[in-house]
Amino acid sequence: MTDSRTMTAWVVQTPGPMSTRPLVATEKRMPDPAGNELLVAVEACGVCRTDLHLAEGDLPPHHPRTTPGHQVVGRVVAAGSATDRFAVGDRVGAAWLRGTCGECRWCRAGRENLCPTSTYTGWDADGGFAEQLLVPAPYAYRLPEDVSATDLAPLLCAGIIGYRALRRTNLPAGGRLGVYGFGSSAHLTAQVALAQGAELFVASRGEGDRALARRLGASWVGAAADRPPVALDAAIVFAPAGDLVPVALEAVGPGGTVVLAGIHMSTIPAMTYHDHLFLERDLRSVTSNTRRDGEELLRLAGRIEIRPKVTTYGFESADRALADLAAGRISGSAVLAVER
């Protein structure tokens with residue numbers, strides 16, 4: 001920081017391919033917490049494919065010069081006058097979901113992820129690719145002190161979204177789960193599924209990802225479009241590749257479920273009723289998460305000791321981290337670490 005009123009932050013200057021350097025470092029005025037907001041000094045921030053979609057323009061920006069990042073681990077340094085939920089010095093996490101109305105039919109039904117006025121960290125408000133950020137206290141998570149910030153960060157989106165996707169598969173006890181794409185969210189979700197007794201089948205285009213799946217205990221590992229040797233009970237498509245949707249549907253048996261876990265996906269090709277949906281096969285999507293999802297995942301992570309495979313980047317290398325993600329050079333999760 002150059003003085004007590006400014007901080008360094010990365011912003012999406014002009015969305016486009018990473019080769020055009022859409023992400024640039026700049027100085028911003030230090031935000032002041034108001035109402036129920038917390039001012040959080042960032043320790044680490046996970047690098048998510050959603051951040052890449054925002055930088056490259058797959059997700060339209062909600063305001064100019066957005067600071068991405070929504071897997072944030074940090075310390076409370078100040079709080080607005082309307083909250084006493086956390087104290088200065090507390091370790092907290094900020095995730096994708098940043099705000100909901102609390103009054104619509106979806107919020108009242110416990111499905112706040114579908115709130116039509118929901119807002120998101122690093123999209124509607126500046127996120128964690130910065131030295132500090134504002135977090136609404138009701139949407140912050142209390143985090144343990146005995147786990148490193150770089151291991152906690154991927155749980156706050158990759159972990160939460162994967163957990164919600166796994167729940168939406170309705171996977172039976174001991175069932176066969178297919179996973180298409182094996183990046184940050186998938187390798188965390190795989191650990192949850194295996195701990196719950198599932199048999200894991202992984203299809204991924206990257207050899208590094210396939211090697212990681214083998215190390216974690218997958219029963220079968222193949223290339224992205226390979227057919228598993230047995231019919232699956234359920235599958236999750238993590239890769240943002242629409243071509244994999246009919247592949248996954250063909251791989252599940254009667255009554256099977258395919259869940260699409262991403263916020264963005266390329267065009268899904270035409271499918272036939274008989275080959276892809278007949279025999280009561282279900283196709284479902286995941287939209288954001290609820291705070292309950294986050295609380296449940298964090299408790300579960302503490303019990304089963306989820307171990308992210310993390311590649312750590314210095315805060316000054318956020319643009320390189322996104323470029324490496326775009327090029328498929330990262331196996332597991334990428335995390336920015338802020339030195340203080």
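The exchange below concerns a predicted model of one protein chain.

Me: What makes the protein chain as compact as a globular protein of its length?
Reply: The globule rule gives 20 Å for 340 residues, and the radius of gyration of the protein chain is 20 Å, close to that value, so the chain is as compact as a globular protein of that length. Its secondary structure comes to ten helices and 17 strands, and buried residues make up 55% of the 340 residues.

Me: Why is helix α1 called roughly perpendicular to helix α10?
Reply: The axes of α1 (residues 49-56) and α10 (residues 318-326) cross at roughly 100°. Angles of 65 to 115 degrees count as roughly perpendicular, and α1 is therefore described in that way relative to α10. The two axes come within 10 Å. On the α1 side the contact is made by R49, D51, L52, A55 and E56, and on the α10 side by L322, L325 and A326. By class, five of these residues are nonpolar, none is polar and three are charged.

Me: Why is C115 not bonded to C101?
Reply: A disulfide requires cysteine sulfur atoms within 2.5 Å. The sulfur of C115 is 3.7 Å from that of C101, the closest cysteine sulfur, which is too far for a bond. A search of the whole structure finds zero disulfides. C104 is likewise in no disulfide, with the nearest cysteine sulfur, that of C107, 3.7 Å away.

Me: How do you know whether C104 and C115 are buried or exposed?
Reply: The cut-off for buried is under 20% relative accessible area. C104 has 14% and is therefore buried; C115, at 4%, also counts as buried.

Methods
Residues numbered from 1 in each chain as written. Predicted model: local features only at pLDDT ≥ 70, side-chain atom pairs only at ≥ 80, totals over all residues. Heavy atoms only, no water. Axes fitted to C-alpha atoms, helices over the stretch in contact; angles between N-to-C directions. Helix = DSSP H or I, 4+ residues; strand = E, 2+ residues; numbered from the N terminus. Parallel < 35°, antiparallel > 145°, perpendicular 65-115°, else oblique. Contact = heavy atoms within 4.5 Å. Nonpolar A, V, L, I, M, F, W, Y, C, P; charged D, E, K, R; others polar. Buried < 20%, exposed > 50% of the residue type's maximum accessible area, 1.4 Å probe, protein only. Rg over C-alpha atoms; globule rule 2.2 N^0.38 Å.
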